[in-house]
Amino acid sequence: MQQKLNLYNTLTRKKEEFQPLHPPFVGMYLCGPTVYGEPHLGHARSAVTFDVLYRYLKFIGYKVRYVRNITDVGHLVNDADEGEDKIQKLAKLENLEPMEVAQNYTNIYHRDISRLNNLPPDIEPRASGHIIEQIEMIQEILENGFAYEVNGSVYFDVEKYNKAYKYGKLSGRVIEDLIGNTRTLDGQDEKRASVDFALWKKASPTHIMRWASPWSDGFPGWHLECSAMSRKYLGKTFDIHGGGLDLMFPHHECEIAQSQASHNHTDAARYWIHNNMITVGGQKMGKSLGNFINLSELFNGNHDMLEQAYTPMTIRFFILQAHYRSTLDFSNDALQAARKGYSKLMNGLRILAKMDGQAGTGEPDQKLNEELKKLVEDCFKGLNDDLNTAKTIASLFNLLKKINSLYLGQLTIASITTEVYTLLTETYRTLVLDVLGLQQESTADVEEMLHLVLGFYKEAKDTKAYDKVDEIRAELKKQGIVIKDLKTGIDWAYEE
RNA sequence: GGUAACGUGGCCGAGUGGCUAGGCUCAGCUCUGCAAAAGCUGCUACAGCGGUUCGAAUCCGCUCGUUACCUCCA
């Protein structure tokens with residue numbers, strides 16, 4: 001590997017050089033969405049952050065298996081609902097099959113997330129498709145003595161686990177504090193301790209999402225799927241586990257406990273990576289506060305908080321120009337600035353394409369060549385330093401300044417060696433397109449453009465400039481468009 | 001209450017001891033038929049108060065303010 005990637009590991013609270021367990025292979029698991037609602041800006045941040053990590057790992061030579069789950073079962077609404085499934089609750093309201101709801105939101109998630117040019121994961125397992133694996137895992141935990149059964153439900157014994165291992169090592173939680181602070185919990189709960197969490201819940205008679213198990217007809221606990229599925233596809237120990245910062249506790253903490261209690265007594269993932277939240281006026285954007293903006297709303301501009309629509313690439317750039325571990329504040333101003341920054345970066349690509357083949361034809365300017373090499377190196381420094389895309393984008397802008405100057409002749413392109421020129425263009429193109437995953441977004445409207453061209457066409461006909469008329473026809477035909485001179489006016493059609 | 005963060009110029013946002021972050025906005029200049037684009041220059045910074053240090057936005061303490069997690073949450 002040419003590049004040394006350092007990543008901040010939540011487990012150690014330090015930046016560490018990334019070294020996979022079995023190079024050149026890398027296993028990466030990301031907690032995906034619970035499909036009971038449309039994806040919002042927060043989902044996008046998580047997806048984009050880990051998409052860039054995925055892309056960069058592949059770019060520096062690793063063979064990556066990227067697993068991102070779909071949660072379509074198991075999350076509880078809250079304690080008061082006594083085990084009613086989030087997805088099921090919605091299904092009842094809308095009179096749909098639970099799986100229909102899950103499928104619908106899964107489709108929307110795929111649609112919106114892919115518009116942001118996120119690569120699809122290599123495996124996208126569904127919780128409902130891995131009930132058997134989850135049951136097996138519960139059995140292991142029971143056999144190892146870290147769980148107990150009550151009335152057909154199985155709970156994880158956190159206090160017992162804490163004596164053998166240490167519960168709370170990811171989030172820095174101390175179990176005594178947790179117990180002390182949750183004493184208000186209802187007394188009729190089946191759990192031995194408030195900190196215990198469900199591995200299997202017996203379904204109430206009205207609960208329609210249910211599966212058979214050795215304990216009861218029921219459904220798996222809400223942290224289990226990730227442990228079971230990451231293990232199935234990545235192994236008992238794998239390299240990277242990612243997710244939003246809000247999943248660190250209790251979700252990821254419970255995952256660690258489950259994995260450790262069920263097998264080998266080793267950590268499941270070696271590097272735990274967490275992206276920070278999107279905020280609105282300093283407050284977390286989230287479901288509970290109701291201050292979230294769905295991706296589809298961002299794309300079409302239909303939301304009270306939006307002054308206009310923003311394109312997918314504007315959103316992607318907006319996310320990338322901040323470091324993933326910082327909170328990122330949403331505002332229209334920030335998005336409008338992102339749009340311009342994005343366009344600027346894209347214009348650089350167009351200019352580069354026009355300059356090919358002009359370098360190395362004159363006397364090399366040693367100083368300039370060295371300067372350019374350094375700017376190229378800077379671009380990678382950012383990525384290697386805990387995936388600091390903000391830094392990398394700043395470096396790309398510095399590089400772009402030189403590219404623009406070369407293009408305008410303020411710097412002499414002939415004095416750049418072909419070697420440096422290749423390095424420069426390759427770096428710029430690769431980082432922008434392949435690693436940051438930005439893509440050209442056409443703002444031009446074909447109909448509008450044609451309207452303009454047909455105006456010139458009519459003008460040429462009116463003035464009997466038939467050379468011009470023929471030329472316009474020929475050029476449009478190359479684009480697969482034919483002009484139709486009708487009695488009623490001028491029209492066009494796609495060539496058949 | 002427990003735990004963990006954060007507070008950077010008009011806006012967004014990097015930066016952990018000394019070297020220009022960057023983008024957007026604004027002003028000026030170059031270029032230009034006029035523009036635009038691009039380049040160059042400039043403008044408001046490191047919440048406050050102390051301390052450590054030759055030197056701090058960066059380390060330490062206190063004060064003020066904001067937030068996150070502790071319940072589902074990307």
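How far apart do the C-alpha centres of domain 1 and domain 2 lie? The answer is 34 Å. Please keep in mind that this is a predicted model. Here are my notes, point by point.

1. **Domain layout.** Chain A splits into three parts: domain 1 covers 6-275, domain 2 covers 283-435 and domain 3 covers 446-494. Where domain 1 meets domain 2, the contact draws 32 residues from domain 1 and 36 residues from domain 2.

2. **Area between domains 1 and 2.** About 3100 Å² is buried between domain 1 and domain 2, and carbon and sulfur atoms contribute 64% of that area. On the domain 1 side, three residues are worth picking out: Leu 41, Arg 45 and Tyr 56 supply 24% of the area that domain 1 buries against domain 2, more than any other three residues.

3. **Polar side of the same contact.** Between domain 1 and domain 2 there are 16 residue pairs in polar contact, both residues being at pLDDT 80 or more. The number of salt bridges between domain 1 and domain 2 is three. Elsewhere in your list of pairs you will find Lys 15 and Asp 385, whose side chains meet in a salt bridge with an N to O distance of 2.8 Å.

4. **Which elements face domain 2.** Four elements give two or more residues to the side of domain 1 that touches domain 2: strand E1 (6-9), helix H1 (41-59), helix H3 (98-115) and strand E10 (269-275). H1 provides the largest share of that side, with 12 residues.

5. **The parallel sheet.** Four strands make an open sheet in the order E4-E3-E9-E10, and their pairing is parallel. At the edges are strand E4 (63-68) and E10, each of which pairs on one side only. Averaged over neighbouring strands and ignoring direction, the turn of one strand against the next is 20°. Strand E3 (residues 25-30) is joined to strand E9 (residues 238-244) by three bridges in the parallel sense, and Met 28 stands opposite Ile 240 in E9. Helix H8 (residues 248-262) packs on this sheet and touches E9 and E10, with its direction at about 160° to that of E9.

6. **The antiparallel sheet.** A further open sheet has four strands in the order E5-E6-E7-E8, with antiparallel pairing. Its edge strands are strand E5 (147-150) and strand E8 (218-220), each pairing on one side only. Here too, neighbouring strands are turned by 20° against each other on average, direction ignored. Strand E7 (residues 197-202) pairs with E8 in the antiparallel sense over three bridges; Lys 201 has Phe 219 in E8 as its bridge partner. Helix H4 (residues 131-143) lies across E5, strand E6 (153-156), E7 and E8, and runs at about 120° to E7.

7. **Salt bridges overall.** With a side-chain nitrogen of Lys or Arg required to be within 4 Å of a carboxyl oxygen of Asp or Glu, the count comes to 27 salt bridges. One of the salt bridges joins Asp 462 and Lys 458, with the closest N and O atoms 3.1 Å apart. Why are these two separated by about one helical turn? Asp 462 and Lys 458 are four residues apart in helix H15 (residues 446-462), so about one helical turn separates them. Side chains of opposite charge can pair when their charged atoms come close.

Key
Residues numbered from 1 in each chain as written. Chains lettered and ligands numbered in written order. Predicted model: local features only at pLDDT ≥ 70, side-chain atom pairs only at ≥ 80, totals over all residues. Heavy atoms only, no water. Pairing = 2+ DSSP bridges. Axes fitted to C-alpha atoms, helices over the stretch in contact; angles between N-to-C directions. Contact = heavy atoms within 4.5 Å. Domains from an automatic or database assignment. Buried area = accessible area lost by both parts, 1.4 Å probe. Polar contact = N/O pair within 3.5 Å; in protein donor to acceptor, adjacent residues only side chain to side chain.
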